[in-house]
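Student: Please take one part of this model and go through it slowly with me, as I am still learning how to read a structure. I would like one connected account that explains each step of the reasoning.

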Amino acid sequence: MLVALYQLGGSASKRATIRRIEELYGSRLTEEDWLPCKTRPEPKWQNLVAWERKDLIEDGLLERGRPRDTWTLTESGKAEARRAGAV
């Protein structure tokens, strides 16, 4: 997620971030990853990405902010994305 957001300029909507993650890592997803969630009409992997966002906020890598649907890297998140090979 950090790499995807970094490549999107550091801030993007949930939809754009999910789309970029799929472009980057979609070939690694399994059939089970594509099954719908039990509680939401979205694939399991997309639901897991949303939960990971919460953890990244708690770790100080994503901003906790508004609007809710916009995901934004903190400076620490940008540095971590660069370490992960985002550039």
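Tutor: Before we start, one term is needed: two residues are in contact when heavy atoms of theirs lie within 4.5 Å. Keep in mind as well that this is a predicted model.

A short example shows how the term is used. Leaving aside residues up to four places away in sequence, A81 touches L2, V3, Y6 and A86. A81 belongs to helix α4, which is made of residues 75-83, and its relative accessibility of 0% puts A81 among the buried residues, since buried means under 20% relative accessible area.

The part I have chosen for the close look is helix α3, residues 44-58. Its length can be checked with a simple rule: at 1.5 Å a residue, the 15 residues of α3 should span 21 Å, and the C-alpha atoms at its ends are 22 Å apart, which agrees. In an α-helix there are 3.6 residues to a turn, so residues three or four places apart point the same way. With that in mind, look at the buried residues of α3, which are W45, Q46, N47, V49, R53, L56 and I57. The cover over these buried residues includes α1 (2-7), α2 and β2 (70-72). K54, which is also placed in α3, has a relative accessible area of 39% and is therefore partly exposed. Although K54 and R64 are 10 residues apart along the chain, their C-alpha atoms are separated by 8.8 Å. Just after α3 comes G60, with a positive phi of about 80 degrees.

Among the elements that cover α3, α2 deserves attention of its own. The 12 residues of α2 should span 16 Å at 1.5 Å a residue, and its end C-alpha atoms are 16 Å apart, which agrees. The axes of α2 and α3 are 11 Å apart, and the two helices pack at an angle of about 120 degrees, which makes α2 oblique to α3. Their crossing is right-handed. On the α2 side the contact is made by K14, I18, I21 and E22, and on the α3 side by W45, Q46, V49 and A50. The buried residues of α2 are A16, T17, I18 and I21, and what they pack against is α1, β1 (11-13), α3 and β2.

W45, which takes part in that contact, also brings us to the aromatic rings. A pair of aromatic rings is described by the distance of the centres and the angle of the planes. The model has one aromatic pair. In it, the rings of W34 and W45 have centres 5.7 Å apart and planes at 70 degrees, so the pair is edge-to-face, as planes over 60 degrees apart are counted that way. Because W34 lies in the loop between α2 and α3 while W45 is in α3 itself, the pair ties together parts that are 11 residues apart in sequence. The two partners can also be set side by side by their accessibility: W34, at 37% relative accessibility, counts as partly exposed, whereas W45, at 6%, counts as buried.

How values were computed. Residues numbered from 1 in each chain as written. Predicted model: local features only at pLDDT ≥ 70, side-chain atom pairs only at ≥ 80, totals over all residues. Heavy atoms only, no water. Phe/Tyr/Trp six-rings, centres within 6.5 Å; stacked < 30°, edge-to-face > 60°. Helix = DSSP H or I, 4+ residues; strand = E, 2+ residues; numbered from the N terminus. Buried < 20%, exposed > 50% of the residue type's maximum accessible area, 1.4 Å probe, protein only. Expected span 1.5 Å × (residues − 1). Axes fitted to C-alpha atoms, helices over the stretch in contact; angles between N-to-C directions. Parallel < 35°, antiparallel > 145°, perpendicular 65-115°, else oblique. Left-handed = near helix turned anticlockwise from the far one by under 90°.
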